[in-house]
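Hello,

Here is the structure I promised to pass on to you. Have a look at it first, and then read on for my notes.

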Amino acid sequence: ELRKIVIRKAAKHDIALEPRQVTVLRGGTSEYPVWYIAVDYTVNVDLLVYSFPLRFNPTSRGSKVSSSR
């Protein structure tokens with residue numbers, strides 16, 4: 001589900017992602033889960049006389065998530 005949310009948010013910024021480009025890992029404990037999210041994608045940059053691929057690999061820091069109980 002988290003992967004789908006990341007893909008939808010990226011689409012709102014005109015970034016097309018496939019599920020294989022989004023990594024979601026869960027660690028920590030059941031009481032204090034820690035999530036890691038990483039995305040790997042490339043955008044073609046066209047400067048009229050020169051174009052090139054520009055690679056992005058944004059990641060999360062993996063902070064603790066607390067729930068209100």
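Below is what I found, going from the overall fold to single residues.

Please keep in mind that this is a predicted model.

Let me start with the layout. The chain has one helix and four strands, and their order from the N terminus is α-β-β-β-β. Of its 69 residues, 14% count as buried.

The helix end of the chain has a charged feature to look at. Lys4, Arg8, Lys9 and Lys12 together form a positive patch on the surface. One of them, Lys9, sits in helix α1, which covers residues 2-11. Lys9 has a relative accessibility of 51%, and it counts as exposed because the cut-off for that class is over 50%.

Next, the aromatic side chains. How many aromatic pairs does the count come to? The answer is two. The pair I would like to show you is Tyr41 with Phe56, whose rings are stacked, with 5.2 Å from centre to centre and 20 degrees between the planes. Stacked is the right word here because planes under 30 degrees apart fall into that class. This pair links distant parts of the chain: Tyr41 belongs to strand β3 (residues 41-46) and Phe56 to strand β4 (residues 51-56), and the two residues are 15 apart.

Are the two partners buried or exposed, or in between? Tyr41 has a relative accessible area of 14%, so it is buried, the limit being under 20%. Phe56, at 33% relative accessibility, counts as partly exposed because this value lies between the limits for buried and exposed.

Finally, two loop residues deserve a look at their backbone angles. Which loop holds Asp14? It is the one between α1 and β1, the latter being residues 22-28. Asp14 has a phi near 60 degrees, a positive value in a residue that is not glycine. With a relative accessible area of 74%, Asp14 is exposed.

The other residue is Leu48, in the loop between β3 and β4. Its phi is also positive, at about 65 degrees, although Leu48 is not a glycine. Leu48 counts as exposed, with a relative accessibility of 84%. When you have the model open, you can go from Tyr41 in strand β3 to Phe56 in strand β4 and find Leu48 in the loop between these strands.

Happy viewing, and do write back with any thoughts.

Best wishes

Definitions and conventions:
Residues are numbered from 1 along each chain as its sequence is written. This is a predicted model: local features need pLDDT of at least 70, side-chain atom pairs count only at pLDDT 80 or more; totals for chains, interfaces and linings use all residues. Side-chain values use heavy atoms; hydrogens and water are left out. Patches are made of residues with over 30% relative accessible area and no salt bridge: like charges are joined within 9 Å, nonpolar side chains (Val, Leu, Ile, Met, Phe, Trp, Tyr) within 5 Å. Accessible areas come from the Shrake-Rupley method with a 1.4 Å probe; for residues, only the protein chains shown count as cover. A salt bridge is a side-chain nitrogen of Lys or Arg within 4 Å of a carboxyl oxygen of Asp or Glu. Lys and Arg count as positive and Asp and Glu as negative; His and the chain ends are not counted. The place of a charge is taken as NZ of Lys, CZ of Arg, CG of Asp or CD of Glu. Buried means under 20% relative accessible area, exposed over 50%, partly exposed in between (1.4 Å probe, protein chains only). Rings of Phe, Tyr and Trp (its six-membered ring) pair if their centres lie within 6.5 Å; planes under 30 degrees apart count as stacked, over 60 as edge-to-face and the rest as tilted.
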